[in-house]
Amino acid sequence: MTAPIRFTLNGAPAEFNGPAGTPLIDMLREHFGLRGVRLACARGVCGSCTVLIDGAPGAACSLFAYRVDGRDVRTVEGLADADPPSPVVAAFADHAAFQCGYCTGGMIMLATALLAHDPDPSRETVVAWMSSNICRCTGYGMIIEAVLDAAARLREARDAA
Amino acid sequence: MQFVPGAGLIAASARGVPPASVIRPTDRTSLLAALAGARAPVLVAGGTHLAAEYLTGLRPSTLVGLDRVDELARIDIDTAEIRLGAALTHAAGANDPALCRLLPGFADAWRSIANVRVRHWATIGGNLMALCTRYEMSLLLTALDARLRFLAPDGGFIERAPADLWNPAQPTPALLHHIAIARRPGLAFAYRRELRPVVTLAVCRDAAGDRAAIATEYLPPVLLPDANIAALPTDFADPVSSAWYLRRAGGVLLARAIADLDRSR
Ligand SMILES: Cc1cc2nc3c(=O)[nH]c(=O)nc-3n(C[C@H](O)[C@H](O)[C@H](O)COP(=O)(O)OP(=O)(O)OC[C@H]3O[C@@H](n4cnc5c(N)ncnc54)[C@H](O)[C@@H]3O)c2cc1C
């Protein structure tokens with residue numbers, strides 16, 4: 001028997017009773033059915049499996065399930081299923097910041113982490129962060145516009161509050 | 001690669017590998033016990049390199065997580081040394097205010113490693129112990145003349161130079177505990193990685209002079225013999241990129257790093 005892994009998943013308490021050495025991506029996809037966490041390179045390079053753990057972006061393919069014990073985990077479902085959807089999701093949709101869409105979940109999570117870290121990023125900062133995830137359709141132009149627009153929307157919402 | 005009915009030919013990955021048992025020590029005593037007790041334990045720091053090792057066949061039966069051993073993630077500074085815990089993440093270490101103040105050139109270089117997603121998890125110890133020539137920490141620490149301190153089974157330390165990691169005749173102890181950088185007058189550091197992975201170059205300056213180390217994607221770092229600074233080229237003059245060009249590139253990087261140090265004086 002292994003001790004259960006208890007954590008918060010997209011805002012709700014979650015428990016995993018499988019082996020602690022399960023890859024995080026398998027736990028999220030197979031056990032919790034979160035298919036927005038996408039496996040591609042399986043070695044932390046491409047970022048399509050990016051999730052936020054206590055707000056920090058991480059590649060779910062390169063982390064073991066035990067690393068989320070006691071932590072807060074967010075996947076793209078937590079943002080996309082919100083009502084209204086997060087401004088980052090809305091900006092990606094409005095800018096059509098995807099082509100095949102495979103990398104989009106990871107891009108949205110990385111952008112969310114960036115805007116939490118730096119609410120008013122320069123284009124240069126956006127490029128530096130977002131270039132750590134790979135878009136194989138090379139649709140980076142729209143992605144960068146979407147992130148800058150999401151920053152503006154978040155700023156407006158903050159100013160209005 | 002493996003053939004999976006219904007899915008086709010796919011690359012092997014951590015998926016489908018029987019999960020290993022996990023031990024998560026919380027202090028030095030339980031860490032040493034875990035290392036002594038488990039059969040062929042594999043240490044996990046950030047796990048970012050291990051993920052790649054799974055793809056090339058790593059199948060551990062026991063993983064020993066280092067993430068709960070607080071003393072491995074500390075930065076300790078006294079008048080003699082800066083000690084960097086082996087399980088410090090790149091993000092935590094490179095942004096540490098005291099390190100940034102004492103050795104800004106090294107903090108800048110550390111901050112340039114990998115990408116934001118990796119930096120939150122990957123550690124300085126994992127970078128060194130992965131023994132990967134394209135990883136940069138070994139070069140930076142070679143130039144700094146740092147010491148690697150490994151935990152001995154009796155709780156004491158075994159000391160190695162970064163270069164020893166690459167020496168097959170010198171067995172590497174199991175657990176890297178911390179990295180020590182001696183504080184000395186005039187200590188400064190410059191790093192050039194614009195030609196990475198072809199060539200990277202680090203220079204450490206102190207009262208004894210400049211100490212330069214160079215590395216390539218496929219070769220571990222080497223210390224450069226005393227450079228004749230006045231004779232260094234300052235531009236990359238060869239558009240066809242011959243072997244001569246690469247040798248010259250090393251000289252250009254060295255000249256630029258030294259100019260960085262001169263400017264920061
Ligand atoms: C997408 C990507 C980009 C990268 N880019 C760069 C780059 O630009 N420059 C660069 O230098 N590096 C780069 N890296 C490497 C990265 O910086 C990590 O340092 C490296 O992946 C290993 O760190 P880790 O903590 O995850 O180690 P792990 O994967 O946990 O461990 C690596 C190895 O070290 C062993 N180990 C770990 N800690 C210890 C310890 N304390 N004592 C003894 N053995 C130990 C493990 O058992 C394992 O064999 C990159 C990695 C990725 C995935």
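1. Ligand shell. In this predicted model, the ligand is surrounded by 30 residues, of which the closest are Leu43(B), Gly47(B), Thr48(B), Thr123(B) and Glu136(B). The site is shared between chains, because residues of both chain A and chain B surround the ligand. Sorted by class, the shell comprises 17 nonpolar, nine polar and four charged residues.

2. Polar contacts of the ligand. Two backbone contacts deserve mention: a ligand oxygen atom is 2.7 Å from a polar backbone atom of Leu43(B), and a ligand oxygen atom is 2.8 Å from a polar backbone atom of Ala45(B). A side chain also takes part, with an N or O atom of Thr48(B) at 2.5 Å from an oxygen atom of the ligand. Of the 970 Å² of accessible area that the ligand has on its own, the protein covers 91%.

3. Pocket and contributing elements. The ligand takes up the space of the largest pocket. In chain B, the elements that give two or more residues to the shell around the ligand are strand 4 (42-44), helix 2 (48-55), helix 7 (124-129) and strand 10 (175-182).

4. Four-stranded sheet of chain B. Strands of chain B form an open sheet of four in the order 11-12-13-14, and their pairing is antiparallel. Strand 11 (188-192) and strand 14 (222-223) of chain B are the edge strands; each has a single partner strand, so one side of each is left without a neighbour in the sheet. At the strand 14 edge, two bridges pair this strand of chain B with strand 13 (residues 209-215) of chain B in the antiparallel sense. Within strand 14 of chain B, Leu223(B) is the residue opposite Ala213(B).

5. Hairpin of chain B. Strand 8 (residues 147-151) and strand 9 (residues 157-160) of chain B run antiparallel and are joined by four bridges. Arg149(B) has Glu159(B), in strand 9 of chain B, as its bridge partner. Five residues lie between the strands of this hairpin, where Gly155(B) adopts a positive phi near 90°.

6. Cis peptide bonds. Two bonds preceding proline merit the attention of a reader inspecting the backbone. In chain A, the peptide bond from Asp83(A) to Pro84(A) is cis, with omega near 0°. Pro84(A) belongs to the loop between helix 2 (76-80) and helix 3 (87-94) of chain A. In chain B, Arg196(B) and Pro197(B) are joined by a cis peptide bond with omega of about 5°. Pro197(B) is placed in the loop between strand 11 and strand 12 (200-206) of chain B, two strands that belong to the open sheet of point 4.

7. Positive phi in chain A. Asp54(A), a residue other than glycine, has a positive phi near 50°. Asp54(A) is found in the loop between strand 3 (50-53) and strand 4 (56-59) of chain A.

How values were computed. Residues numbered from 1 in each chain as written. Chains lettered and ligands numbered in written order. Predicted model: local features only at pLDDT ≥ 70, side-chain atom pairs only at ≥ 80, totals over all residues. Heavy atoms only, no water. Near = heavy atom within 4 Å. Polar contact = N/O pair within 3.5 Å; in protein donor to acceptor, adjacent residues only side chain to side chain. Areas by Shrake-Rupley, 256 points an atom, 1.4 Å probe, with all protein chains shown as cover. 1 Å grid on protein atoms, 1.4 Å probe; cavity = no way out; pocket = protein on both sides within 12 Å on 5 of 7 lines; lining within 4 Å. Sits in = over half its atoms within 2 Å of the grid points. Nonpolar A, V, L, I, M, F, W, Y, C, P; charged D, E, K, R; others polar. Pairing = 2+ DSSP bridges.
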